[in-house]
Every structure is written in structure tokens, then in C-alpha cells.
Amino acid sequence: MLLQLQSTRPWIPPPFARLNRMSSSRRCTLASHVCWLQASSLHMGSRMCGRGKWATHSQRARKNVYPRNHSDVSDEEEATRLELELKDHHQISIGDTAHEIGSLSISSFFLIQLTGSNMASTFITMFEHLHFFAMQAFGPTNLRFASISGSINKPIPLNLDVSLPSFQDLKWSFARLIYLFNTQLDRNVAIFFVVLLVVCFSFVAIGGFLFFKFRGNTQSLEDCFWEAWACLCSSSAHLRQKTCVERFIGFILAIWGILFYSRLLSTMTEQFRNNMYKLREGAQMQVLESDHIIICGVNSHLNFILKQLNKYHELAVHLGTANARRQKILLLSDLPRKQMDKIADNIAKDLNYIDILTKSCSLSMTKSFERAAANKARVVIILPAEGDRYEVDTDAFLTVLALQALPQMASVPTIVEVSNSNTCDLLKSISGLKVEPVENVASKLFVQCSRQKGLIKIYRHLLNYKKNVFNLCNFPDLAGMKYWQLRRRFQEVVVCGLYRDGKIYFHPNDGEILKETDKVLFIGSIYQRGKPQLAYSDDIQEETKGIQKVSKSSNNPLEVTKAQLANMVKCPRKPGSKASDYSPGPKECILLLGWRPDVVEMIKEYDSYLGPGSSLEILSDVPVSERNRASNLAGQEKLKNIQVSHRIGNPMDYDTLKEAIMRVYGSSRNQEEVPLSIVVISDRDWLLRDLSRVDKHAAYSLLLADNICNKHGVKVQNLVAEIVDSKLGKQITRIKPYLTYIAAEEVMSLVTAQVAENNELNEVWKDILNAEGDEIYLKDISLYMKEGENPSFHELSERACLRQEVAIGYVKNNKKVLNPNPKSEPLSLGMTDSLIVISEIEGEQPIVETTWN
């Protein structure tokens, strides 16, 4: 047993049952004392295990100490079993543990007395074992950060840092807390309102409990809460308190009430300001409109488009076809809302029939158009932003893709301004949308108008809703009628062609039969836009019968042509306005003042109109390398008819401009009577959209060139300038009527607005503004009448029809008349007047056969 106590291994009690008290006669041997000690120890172990608090770990004594019949289990198995029991039990209380240690000490003391060992050494050895046993009992319980490990169950500390945080750590944690609160407050101001309410009710609760404590049972808790709330709401309520403590509590509540209401007021004001800012920006505001017009983007066309839409709605109100007194127009852009409002206010000063709403949002997000109620709009107009042609088309494509994701968009026309025809085909290929791309042909339009004086006025007339415009109308009741009958019987309008299967035909055969699905293209006032009435006057019927009689009496259809052209003069053939194999264009010299990237398109257009041997010289301060780079990017092909040369210089410098004009004029005089034209375009500052500066430079260069030509006797056929502001252009032409200004951008804007009202007209203007299609020309009246003859406009229209042309008006004494009425009355036209026609080329065209069957 002493060996067992002195061993470093833990003592494991034997697994036999607890012994009861024995008589003194049976305890006379050493084995009896050992059994008593073991019984005492087992009694302790059984007590500990019985309470389920804790268990000790010891090893089994050697087999010679305990009889073999006490246990049939090996030492390893017994140790394993006791270790598992130790893990399943909890720690025992300190008092019970001390009691068990005391029992063990008494048993050890009697054992020492019986053995007669040395008292001191035995006591020391017993103390060591008791200390070891106490560490086993109390170690895992009292060492909070210790762990049980190893075969002897020795606790090992985890070495965790349990020191208090430093001041810097506390400061950073507090700053982090404030940062998180400010972040949430920045996202939503209402969070501060919630915090104020929580703190307010906390103060009321604390103040109510304090009042209740210091007042004893004299007042209920509910009344104390109400008293605290009164002190917080009214600063004078704390004056009614009687004791010093109550007054102090009331004073604190009153001070907090003042702070609470001041912060509450500022929070509500900030929340209101935040909501108003969101409303002003309009990004998250849902538009609850229908039949409105959406315009996406802001550029130089916006002013003209809004004015045109205002004119159209004004006429609709007068006709009684408008759904509302004022048309709602929603302007979308990625510009700030304040800037958009400023632009809209400057434009809408004199527009009394439209209301402009602005909304700042992203034009490439479907959510923006969903909030704008695009699927309920009447039409969506997409204007290009400022930038190069590729960026413009890319932005337009992304906007169309954003619209495609909206439901019910197939019935809403989408008008898109693009820079080239390839983008038009790409946009039309997008399914689920009714896209009508409008190609920006301002450069081509400028070339057309610069070659024909007065053409720009005709375009403006045809695009003005208050005058005669293009109309498309369906006449299912007239199905089966021949085209020549249809053309002659409409007296209030000028029939120009047929719209069939999405294409426009300006010159259908007179024998073409009208289908039920066809639409008639005619020029007339918007008041007759619905259904113009057929006329059956006696003159028309007699003229029709006479033509049919001539047709039937002759086997040769050309005899009808001879009858119509009997009174026409055969003029010498003039070069056509577009270069072709059978009609070469005229030879000209052109001096172009200014440069911008789309000049490349103008050069191509001039090459299409002019004949071989023509020259084009460009004078600008833009480096030649930059001009060549623009030509390479545009993919300019080899020119067939004109030769282009570049000069470096400022067109507003007198000496530089004089040298350029005299050089071009000298080269034209060396050849046979080659006309000279001086054309002024907006310089590269056009890209910056500083319109006032651009117009000033163009007007100054135009007047300077006119002064040089007059001073040196230079004869100029056309002296034209591109001016955006029509008011400035009219002021210049009022001073010098022979000068011409061209607002090509304005005309293109009017085309876009007209297509927005009737998207089928897009094909009409695409054909007219394209050099490869039919165009509007002012032709000499001598091609259609003899001198001294006074034919009616109806007769002139028939003669023009024989040349595959459509007569739409005339110019008399420099005054244009479109869709003249009545058409059967004789006209007193001079040989210097002109006939306005839609034709493929200028000049005398070959006569075609006409049948009247």
C-alpha cells in the first residue's frame, strides 16, 4: 500500500463493491487494515461517482496486491473505462471535495500508525500525494483556461491573452461604431429618426422610474411616466417639481426634450430635402402617363423637334383630333436634372401646346424606360449625343436593346437618328420593336441645297405643318382604279406616288391598278390629311375624254406624247445634276471654307453630282494629317469626277481668303466657262456645340468672301454658308438677298419630327434626301411650255409626268408656290420662272410611252 501511495501513477480503486462496517474481531491483520483503507477509499470514490460530479483517474494496483478474483478485466481496459467515465461526469463542489480529502487523510494516518513508519517522511509523502490529488480534483474545475491532456491528466494552460484592450483599441472600436452608423444614416436619413425615438422613450422610462423611486408610494408608476413625458415635451413642466432631486431629473429631461425636438425637426427637414432631390432628379420617379412622347438625349436637334411637335399639336387641337389640350413630352438624358431643366426652360418659352417633363437617368438601362412608361408612349425618339459617328451609333444601339426588354413595345414606334445606313439595317434586325432609323444626311442635304438656290426653302415648306406637307392615306374604296385616274381626280392635293409593301414609288405606271392595301402619297395641307375628296369637274372630264380619244385613234402610244408636247420647246440638252453614264454631271470649281469630320461625306456627295474635271479645294486651319485620318476612318473610296486639294489657312483672315479665291478663280478662267461656288461650313468647333461661336465664324467668313469677290470682280455662281441659327441667317439674307444660308441640321430635325408623327414617311424622305433616289429640283419652265403660252398647273403636271417627273409647284418672280389651287386655271408664267418637280435627274429626260387603257 505504501508503494501504491508513493507511486507517481494515479491510484485506481478496485472495482468491487463498497464494504460495510466490520466487527473489531475481524480487523486484526494487516490485510484487514488494508481492506479497511481500500474500503474507505472506495467509499470516497463511490460517493464521488455516485453524485455524478467528478471522478479520479488512477491505475490499477498490481495483481499481487489485489486478489485475482476482484477483477477479471485488464489494466488497460480498466483505465480506458475510467477515463471515459471521467469525461462524462461534471465537477463536484468544493465542500464535498474537501470532505473526501479529509477522509482519505484520516485513513492514511491510521495506516501510518499501524505500519510504524517514520512520521515526518510519511507525512511529506502523504502531502505530496494529497497535493497531486487536489490538483487533479480542482485543476480542471478552477483553472478556467486549462485543458486536460496527457496520460497523467496534467492541466496545460492555453496562453490566451486576457488583458484589457488598450485605449487606442477602444478608440478605434468607438470610431468604427460611429462610422457604421453614419454609413447607414447616409443611405437613409430615417434611421436617425428611429434612433431619436428610441433614445427619447429611454429617457422617459428612466425618468419615470426615478420619479417613482424618489416619490415612494405617493404616485403610481403610470403617473410618473406621464410626468417624465411632460418634462420632456414642455420645458416649463420641470418647474412644478418640489424636491431638489425631482427638479434635477426634470431639468435633465427638459434639456433632452429641447435637443430631441431640434434634432427631430432637422431630421425631418433633411428627409424632406432628400425626397425633393430625388423628385427633382427623377431617376426613381415612376411616370404615370399615357400617349406621351419620349425624347432620349439632348443635342442641337432638340430645339427644332420640340417646336415642330408644338406646331403639330396646335393644329391637332384646332382640328379637334387631339386627346389633350397640351401634349406631354418626357425628356430623358444622363445629364443632371438641373441642366436639363435649364435647357427645357430656354426652349419652351413660346411653346404653348406642349408640357416638357425631364428625367435624369441612364439610357442603357431597361429600368429607366420602365419607370418612364415607354410601353404606353405614343412614340419614342432617340437623339444621338455628341461624339464621333461610331460612339453615336453604339449608344443608339444600346438604348434600343434596353427598350426591347419591355413588354408591349412592338406597337410603339421608335425613331432613332443614326449616322450611316449600315446601322439602320442593324437596328431594323432587332425583333420585338417597331424601329424606324432616320439616317442623319445633313451633309448630303447641305450639298443639294448649296447647288440649287431656293431648294432649302422648299424643304422647310414641306416640313412645316402649317403649310403643305407630305401625307400618306389609304383609300380602300378606290381599289381597282388606275393610277392616272387617281392622279387626275384629286384637285385639292398633288398626288406624288404610291406606298406599297413598305416602299415608296414616285413614278408608277399610269396603268397601275390601286390595291386595297396601298397608300397614296400626296402633298397637301394637314387639314386634308384625312381623306381628300375626288373632283369630277366638267373640265377634267372633257380633258380626260380628249386624251382617251387621241389614245384610241392612234395605234402608236407615242402619239399621245406628241399631242402633249406639241407646245413644248425642244431645248438643248443640259448636263444632269447627278453623274451617270447617260447623263454626266456639270463641271464646276468649288472652294470649301472650313473642316469637320463629315466633310468626307460632302466630298462623296459632290462626286455624285458633278461631272468629270471638277475640282474641290478645302481651306482650313486643321492640319492635313488630321483630314487624311478622317478620310481613312470613313473609308473614302477613289473619287471619279472631282479632284480634291487641301490648303492650310484661316478662312477668317482676309489675305489668306483672298489668295485662295483668286487662285481658284484663275484656274476656272483658264478652262472653258467653269462656274465657281464658294461654300462656308461650320468648322471643327461644331463638335463642341458652341453654336453662337460657330455661327459667328461662318457668317463672318461668308460676308468676307462676298466682299472680296465684289472688290475684285470675281463672278460666283453660288455663295452659301451653313448657319444653325435661322434668325441670323434671315438677317444676312435680308441685307444681301443673293446670299444663301442653309440650316441643314434644322431640316434634319424637322424630318425626324415628321417621321415621329408618321413613321411611314421615313421611306419618303430617305428617297428624297439620297443622291441615288428621286430628289426635288427647280427646273426651267422652258422645258414644259413655249413662250407666250399660259398652261394650267394641271397641264404642266401632265407634261412633267411624261418625263417621269412629279410637278409639285412652281416659282414665279422668286416666290414659290406648292400645291397651287385651283389647278385648272391658266398660269401667267415667264420664261425665267421654274417648275418644282420630283425627279431623278435634272435636265431634259427621255420621253416614255404612256397607256390609258
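This report walks through some parts of a predicted model, from the whole protein down to single residues.

**The big picture**

Let's start with the whole thing. The protein has 853 residues, and 45% of them are buried. Its secondary structure comes to 27 helices and 24 strands. If you take the contacts in the protein with a separation of 6 or more, 75% of them are between residues 24 or more positions apart. Keep that in mind as we look at the sheets.

**A parallel sheet**

A quick bit of background: strands of a sheet pair through backbone hydrogen bonds, and they can do so in a parallel or an antiparallel way. Here is a case of parallel pairing: six strands make an open sheet, and their order is 17-16-15-18-19-20. Strand 17 (642-648) and strand 20 (740-742) are the edge strands, each pairing on one side only. On average, neighbours in this sheet are turned by 20 degrees against each other, ignoring direction.

Now zoom in on one pair. Strand 15 (residues 589-593) and strand 18 (residues 676-680) run parallel and are joined by five bridges. Within strand 18, the residue opposite Leu591 is Ile678.

**A helix with several neighbours**

Which strands does helix 15 (residues 442-451) lie across? They are strand 18, strand 19 (718-722) and strand 20, and the helix runs at about 150 degrees to strand 19.

Helix 15 also meets another helix. Two packed helices are described by the angle between their axes and the distance between the axes. For helix 15 and helix 25 (residues 744-757), the axes come within 9 Å and cross at roughly 120 degrees. Because of that angle, helix 15 is oblique to helix 25. The crossing of the two is right-handed. On the helix 15 side, the contact is made by Ala442, Leu445 and Phe446, while helix 25 brings in Ala744, Glu745, Val747 and Met748. Sort the residues of this contact by type and you get six nonpolar, no polar and one charged.

**A buried strand and its partners**

Next up is strand 12 (residues 494-500). Seven of its seven residues are buried, so strand 12 is largely enclosed by the rest of the structure. With strand 14 (residues 519-525), strand 12 pairs in the antiparallel sense over five bridges. Here Val495 stands opposite Phe522 of strand 14.

Strand 12 is also joined to strand 13 (residues 503-505), again running antiparallel, by three bridges. Look for Tyr499 and you'll find that its bridge partner in strand 13 is Ile504. The hairpin of strand 12 and strand 13 has two residues between the strands, and in it Asp501 takes a positive phi near 55 degrees.

Back in strand 14 sits Ser525. Is Ser525 buried or exposed? It counts as buried, because its relative accessibility is 15%, and the cut-off for buried is under 20%. Leaving aside residues up to four places away in sequence, Ser525 touches Lys467, Asn468 and Asn471.

**An antiparallel sheet**

Further along the chain, four strands form another open sheet, in the order 21-24-22-23, and this pairing is antiparallel. Strand 21 (775-780) and strand 23 are at the edges with a single partner strand each, so one side of each has no neighbour in the sheet. The average turn between neighbouring strands of this sheet is 30 degrees, direction ignored. Six bridges connect strand 21 with strand 24, and Asp780 stands opposite Ser834 in strand 24. Helix 27 lies across strand 22 and strand 24, at about 125 degrees to strand 22.

**Loops around this sheet**

Some backbone details turn up in the loops here. Two residues have a positive phi without being glycine, and the table puts them side by side.

| Residue | Phi | Loop | Relative accessible area |
|---|---|---|---|
| Gln804 | about 65 degrees | between helix 27 (793-801) and strand 22 (806-812) | 32%, partly exposed |
| Asn813 | near 55 degrees | between strand 22 and strand 23 | 59%, exposed |

Finally, there's a cis peptide bond from Asn821 to Pro822, with omega near -5 degrees. Pro822 lies in the loop between strand 23 (815-818) and strand 24 (834-839).

Key. Residues are numbered from 1 along each chain as its sequence is written. This is a predicted model: local features need pLDDT of at least 70, side-chain atom pairs count only at pLDDT 80 or more; totals for chains, interfaces and linings use all residues. Side-chain values use heavy atoms; hydrogens and water are left out. Two strands pair if DSSP finds at least two bridges between them. Axes are lines fitted to C-alpha atoms, for helices over the stretch in contact, and angles run from 0 to 180 degrees between N-to-C directions. Contact means heavy atoms within 4.5 Å. Angles under 35 degrees count as roughly parallel, over 145 as roughly antiparallel, 65 to 115 as roughly perpendicular and the rest as oblique. A crossing is left-handed if the near helix is turned anticlockwise from the far one by less than a right angle, and right-handed if clockwise. Ala, Val, Leu, Ile, Met, Phe, Trp, Tyr, Cys and Pro count as nonpolar, Asp, Glu, Lys and Arg as charged, and the others, Gly among them, as polar. Buried means under 20% relative accessible area, exposed over 50%, partly exposed in between (1.4 Å probe, protein chains only).
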